[in-house]
Amino acid sequence: MQYTKTPYQQKQMIDANGAVVGSLPESVSDELLLKSYRTMVMIRTFDQRVVALQRTGQMGTYASCLGQEAIGTGIGLALKKDDVFLPYYRDQATQYLRDIPLHQQMQYWGGNEWANHFSGIAQQDFPNCVPIATQVTHAAGVASAMKIRGEKRCSLVTCGEGATSRGDFYEAMNLVGVWQLPMVMVVNNNQWAISVPRNIQTGAETIAQKAVAAGIEGFQVDGNDVCAVYDAVRYAVNKAHSGKGGTLIEAVSYRLGDHTTADDATRYRSHEEVNEAWKREPIKRLQTYLHASDLWDEDQEQALQEHCKQEVEQAVKTYLSQPAQPVADLFDYLFEETPAHLALQKQRALEKMARLGGK
Amino acid sequence: MGMHEKIADLNQKHKPVDTKTPHVVTMIEAINMALHRAMDADPNVVVLGEDVATNGGVFRATVGLKDRFGHKRVMDTPLAETLIAGISVGMAAQQLRPVAEIQFMGFIYATMEHIVSHAARLRNRTRGRLTCPMVLRAPYGGGIHAPEHHSESTEALFAHIPGIRVVIPSSPTRAYGLLLSAIEDPDPVIFLEPKRIYRMVKQEIYDDGVGLPLDTCYTLRQGEHITLISWGAMVHETLQAADKLHQQGVSAEVIDVATISPLDIDTLVASVQKTGRCVIIQEAARHCGVAAEICAAIQEQAFHSLQAPIARVTGFDTPMPYLQRENVYMNSASDIVDAAIHTLEVA
Ligand SMILES: Cc1ncc(C[n+]2csc(CCOP(=O)(O)OP(=O)(O)O)c2C)c(N)n1
């Protein structure tokens, strides 16, 4: 399948064996490679720990990003601080790179709205989005505001490939084309939408080609190759900043874990398929490349593993020691000024809590 | 080719229906049983939704259906709720009987246009020429520590729409019977399943294909002093409250509304005429909830029997809090007892 609008060509830079495909572009420095690697290892450590917390009843239902670390990392490294990020729910790496602490991400899955109270560069970012694909329309609104004001910023939105079946996705993408919005759409094509595989989700040969009908540029990248993701997002962000409109990036990857901790993927997919996918996962290949390029050695690896464990354990400690939020907070943030009937209900809730012993 | 590509045996294996052996089942199993029975009885019944075929539904409601009835009648749709509702309208107009699953009620809102503007009025708009015998099933309600958007009770949004039925079972028996009737019903039905009690109790039911009426409340416990009215998962706290009240010498009548719309107001009014006092218990937020409608209807028709204002035990007018504070939102049996005692104290 050929698309006419694909000026961006490089789809893979480091292959599944850790070998460079062609040569790395200038944008990909050694420093960037090392930062990517460190981030991905940190996020995988975090991810496994959160799953373990859930299994021991210390965490709510959690959506793992196992296998998709390169996508979030590439985005986080390419996005500029003034841009606005609208995540779906497997964007742990991007959020981490936008300075949302690990313990705060735990707090989200642990069930506390304060986790969405971002600051710093994430100040204008949206919280995770659970109603699938709805965030894509919000991203178009954010990009519209930037365009109206003539700002050199963009919105970047993520979703899964399943999300691209929804009207919200198509409607937003259509607007990106017709209004030339400064917006980047990154689809995490992890091959599965819970139990529904990619080939019964859409009859289209690729997700990227959905861009054609919207009149925007669309292309696939190897979503397990952090360099390719980074460079593609960087390209799309620069393009948006320079007023040349939006881009759809299909990052091809694989969901190595269950859909969430409430799911059991063995019901609907084979071990063989998952084992095959492990051979293409993002971290090992970069490690191989770094070793081969003398950018990394065993001592550094050990130190990094140790560091990540410590950071994550510290985050767990912080998360577990946070008290549940004050009950009043459930009422005080619905409106700027709390209406009288809610103030009364708040009173009732506080009395009820007192009766329950304040727990 | 993955496992999903395996085309199930399309020749339906006609198992003889065993209506004599009782099955001891949970509510989710009763729903599954009713779906099997309905598909078995009527080849026009089709099941569709996200993850309903190969996976058997995220709560296992549709497990086994694809293997038994084939992928033409049990369909995994693309991830698109607007589509699921819209194609159900089209299928229903073609005399199929689509039973569509919306994975969680929190994702049902995209279907609203099709429900309000089409499903609910196709018969009326065409003066009976086209009809819409579709069922939209959705798990709903809180108390299972689910992620955000997975716990709200917004049945009132649907109860407000003219031209559709809204049905909520609260036990395996009623889930089985009401779902069968919903599927057989010639008009659109929103069938809301309180997921907190999917696996809470087991009951003995016969897979006899017999439906329960869609226009009646269910009196679960007779009483003299006060009427407790509820539906969905809160029926269980309401029954517990009745037990506690009994220990205090209060005889409470407990009614499961079950059919939220149209509402069987006669049963409710008759009970309040007998007891003179009434508490309505809903999990949902207070403002404009179904309890408000029941309250209004009772005072219209039983005003002179009332010995105390009708009380409501409801959720707060806030979204369901994220899970750490879900407990603040949910009412317990003792909240219901308190409201009942308060009502009984009015001279
Ligand atoms: C509107 C809506 N419908 C259904 C769901 C339930 N649900 C949660 S995740 C999911 C699958 C999403 O698949 P995809 O978009 O491919 O992303 P992935 O989870 O695979 O990363 C579904 C059906 C939801 N959250 N929102």
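# Surface, fold and contact of chains A and B

Chain B exposes about 13,500 Å², and carbon and sulfur atoms supply 54% of that area. This is a predicted model, and the values below were computed from its atoms. For chain A, the exposed area is about 15,000 Å², with carbon and sulfur atoms contributing 51% of it.

## Overall build of the two chains

Chain B is built from 12 helices and 14 strands. Its C-alpha atoms occupy a box of roughly 70 × 45 × 40 Å along the principal axes. A compact globule of 347 residues would be expected to have a radius of gyration near 20 Å, and the 20 Å found for chain B therefore agrees with that expectation. Within chain B, 59% of the 347 residues count as buried. When contacts between residues at least 6 apart in sequence are considered, 83% of those in chain B link residues at least 24 apart.

Chain A contains 13 helices and 7 strands, and its C-alpha trace spans about 70 × 50 × 40 Å along its principal axes. The expectation for a compact globule of 359 residues is a radius of gyration near 21 Å; chain A has 21 Å, so the two agree. Buried residues account for 59% of the 359 residues of chain A. Of the contacts in chain A that join residues at least 6 apart in sequence, 73% connect residues at least 24 apart.

The charged side chains may be described in a similar way. Chain B carries 30 positive and 39 negative side chains, the centres of the two sets being 4 Å apart. In chain A there are 35 positive and 42 negative side chains, and the centres of these sets are separated by 5 Å.

## The contact between the chains

Chain B contributes 39 residues to the contact and chain A contributes 47 residues. Together the two chains bury about 3,600 Å² between them, of which 56% is on carbon and sulfur atoms. Three residues, Leu79(B), Tyr322(B) and Arg325(B), provide 20% of the area that chain B buries against chain A, more than any other three residues.

## An enclosed helix in chain A

Helix α2 of chain A comprises residues 69-78, and 10 of its 10 residues are buried; the helix is therefore largely enclosed by the rest of the structure. Its buried residues include Glu69(A), Thr73(A), Ile71(A), Ile75(A) and Leu77(A). The glycines Gly72(A), Gly74(A) and Gly76(A) are also among the buried residues of α2(A), as are Ala70(A) and Ala78(A).

## Individual loop residues

Several loop positions merit separate description. Their accessibility is set out in the table.

| Residue | Relative accessible area | Class |
|---|---|---|
| Ala262(A) | 64% | exposed |
| Arg60(B) | 23% | partly exposed |
| Arg127(B) | 69% | exposed |
| Phe303(B) | 51% | exposed |

In chain A, Ala262(A) belongs to the loop that runs between β7 (247-252) and α9 (271-278). Ala262(A) is classed as exposed because its relative accessible area, 64%, is over the 50% cut-off. The C-alpha atom of Ala262(A) lies 24 Å from that of Val252(A), a residue 10 positions away along the chain.

In chain B, Phe303(B) is located in the loop between α10 (290-302) and β14 (311-315). With a relative accessible area of 51%, Phe303(B) is likewise over the 50% cut-off and so counts as exposed. Phe303(B) and Val269(B) are 34 residues apart along the chain, with their C-alpha atoms separated by 9.6 Å.

The remaining loop features concern the backbone. Most residues other than glycine have a negative phi, and most peptide bonds are trans. Arg60(B), which is not a glycine, has a positive phi of about 75°. This arginine, Arg60(B), sits in the loop between β2 (45-49) and α2 (65-69) of chain B. Its relative accessibility of 23% falls between the limits of 20% and 50%, and Arg60(B) is therefore partly exposed.

Arg127(B) also is not a glycine and has a positive phi, here of about 50°. The loop that holds Arg127(B) connects α5 (122-125) and β5 (135-140) of chain B. Finally, the peptide bond from Ser261(B) to Pro262(B) is cis, with omega near -10°. Pro262(B) lies in the loop between β12 (259-261) and α9 (265-275) of chain B.

Key: Residues are numbered from 1 along each chain as its sequence is written. Chains are lettered from A and ligands numbered from 1 in the order in which they are written. This is a predicted model: local features need pLDDT of at least 70, side-chain atom pairs count only at pLDDT 80 or more; totals for chains, interfaces and linings use all residues. Side-chain values use heavy atoms; hydrogens and water are left out. Helices (H or I, at least four residues) and strands (E, at least two) are DSSP runs, numbered from the N terminus. The radius of gyration is taken over C-alpha atoms; the globule rule is 2.2 Å times the number of residues to the power 0.38. Buried means under 20% relative accessible area, exposed over 50%, partly exposed in between (1.4 Å probe, protein chains only). Contact means heavy atoms within 4.5 Å. Accessible areas come from the Shrake-Rupley method with a 1.4 Å probe; for residues, only the protein chains shown count as cover. Lys and Arg count as positive and Asp and Glu as negative; His and the chain ends are not counted. The place of a charge is taken as NZ of Lys, CZ of Arg, CG of Asp or CD of Glu. Buried area is the accessible area (1.4 Å probe) that two parts lose on being put together, summed over both.
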